[in-house]
Amino acid sequence: MPIPTSTSVQESAVIEAHSSDVWHLIKLPEFSKWWSKLDKSEWVKGASAETDIVKWTFKDGTELQVKQEEHSVSAYTRKTNIDHHLESIDHYVTYSVISSDLALSYTSMVSTLRVYPVTSGNHAGHTYVTWTANFSSDADAGVIEDAKFKRREGLADLAKAVAKK
């Protein structure tokens, strides 16, 4: 009998960089540039003009196609060489898994990566990032634990990528 478990995950981190530097990396076809689990990420050719689909190839060979459900748009203006100003309010990308080359043990998953500027306190000028996942009710505890650790590792990878800039 399966162990009852929550079907959602939320991981977060404070990244020691300005939010505009972090936000610049949050595009589905760019994830392989910072997420060490991915070998490559690329647009799927032949998808309709209204649908943004990206194929993620993980280093273990697994391939997922993810559909961009939402991506907030931000306008960046540079006030000086040092200070950035973000003109949009929300900074997030939401995607769903639409296919996998391996059989998945769950029916669906929707995930959001969200970026917040830290505006006061010890971490002012840095970025608070959350990465959530909401799975269908057929996801088991193993799927949830795997998602939790992948997001933790991904956030650490994102911090490393921003630090290299």
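A residue counts as buried when its relative accessible area is under 20%, and as exposed when that value is over 50%. The exercises below apply this to a predicted model.

**Exercise 1. Classify Trp56 and Tyr95 as buried or exposed, then describe their ring pair.**

Step 1. Trp56 has a relative accessible area of 2%, which is under 20%, so Trp56 is buried.
Step 2. Tyr95 has 1% relative accessibility and therefore counts as buried.
Step 3. The two rings form an edge-to-face aromatic pair, with 5.1 Å centre to centre and 70° between the planes. Planes over 60 degrees apart count as edge-to-face.
Step 4. Trp56 belongs to strand β3 and Tyr95 to strand β7, so the pair ties together parts that are 39 residues apart in sequence.

**Exercise 2. State how many aromatic pairs the structure holds, and analyse the one formed by Trp35 and Trp131.**

Step 1. There are twelve aromatic pairs in the structure.
Step 2. Trp35 and Trp131 make one that is edge-to-face, at 5.0 Å centre to centre and 65° between the planes.
Step 3. This pair links distant parts of the chain, 96 residues apart: Trp35 sits in the loop between α1 and β2 (38–43), and Trp131 in strand β9.
Step 4. Trp35 is buried because its relative accessible area is 4%; for Trp131 the value is 0%, so Trp131 is buried.
Step 5. Ring pairs join Trp35 and Trp131 into a cluster with Phe31, Trp34, Trp56, Phe58 and Tyr95.

**Exercise 3. Find which element gives the most to the largest nonpolar core, and place Leu158 in that core.**

Step 1. The largest nonpolar core has 36 residues. Those with the most contacts inside it include Ile26, Trp34, Phe135 and Leu158.
Step 2. Elements giving two or more residues to this core include β1 (8–15), α1 (19–23), β9 (127–135) and α2 (141–163).
Step 3. With seven residues, α2 gives the most.
Step 4. Leu158 is one of the buried residues of α2. Not counting residues up to four places away in sequence, Leu158 touches Ile15, Val22, Leu25, Ile26, Trp34 and Val129.
Step 5. For background, nonpolar side chains tend to be buried together in soluble globular proteins.

**Exercise 4. Check the span of α2, then identify its N-terminal cap and its cover.**

Step 1. The expected span is 1.5 Å times one less than the number of residues. For the 23 residues of α2 this gives 33 Å, and the end C-alpha atoms are 33 Å apart, so the two values agree.
Step 2. Asp140 caps the N-terminal end, with a side-chain oxygen 3.1 Å from the backbone nitrogen of Gly142.
Step 3. The buried residues of α2 include Val143, Ile144, Ala147 and Arg151. Among the elements that cover the buried residues of α2 are β1, α1, β7, β8 and β9.

**Exercise 5. Contrast the accessibility and contacts of Lys59 with those of Thr130.**

Step 1. Lys59 lies in the loop between β3 and β4. Its relative accessibility is 59%, so Lys59 counts as exposed.
Step 2. Beyond neighbours within four places in sequence, Lys59 contacts Ser36, Lys37, Leu38 and Asp39. The Lys59 side chain reaches the backbone oxygen of Ser36 at 3.1 Å.
Step 3. Lys59 and Lys37 are 22 residues apart along the chain, with their C-alpha atoms separated by 5.9 Å.
Step 4. Thr130, in strand β9, has 7% relative accessibility and therefore counts as buried.
Step 5. With neighbours within four places again set aside, the contacts of Thr130 include Gln10, Ser12, Leu113 and Tyr116.

Notes:
Residues numbered from 1 in each chain as written. Predicted model: local features only at pLDDT ≥ 70, side-chain atom pairs only at ≥ 80, totals over all residues. Heavy atoms only, no water. Core = buried A, V, L, I, M, F, W, Y, C linked by side-chain atoms within 4.5 Å. Buried < 20%, exposed > 50% of the residue type's maximum accessible area, 1.4 Å probe, protein only. Helix = DSSP H or I, 4+ residues; strand = E, 2+ residues; numbered from the N terminus. Contact = heavy atoms within 4.5 Å. Polar contact = N/O pair within 3.5 Å; in protein donor to acceptor, adjacent residues only side chain to side chain. Phe/Tyr/Trp six-rings, centres within 6.5 Å; stacked < 30°, edge-to-face > 60°.
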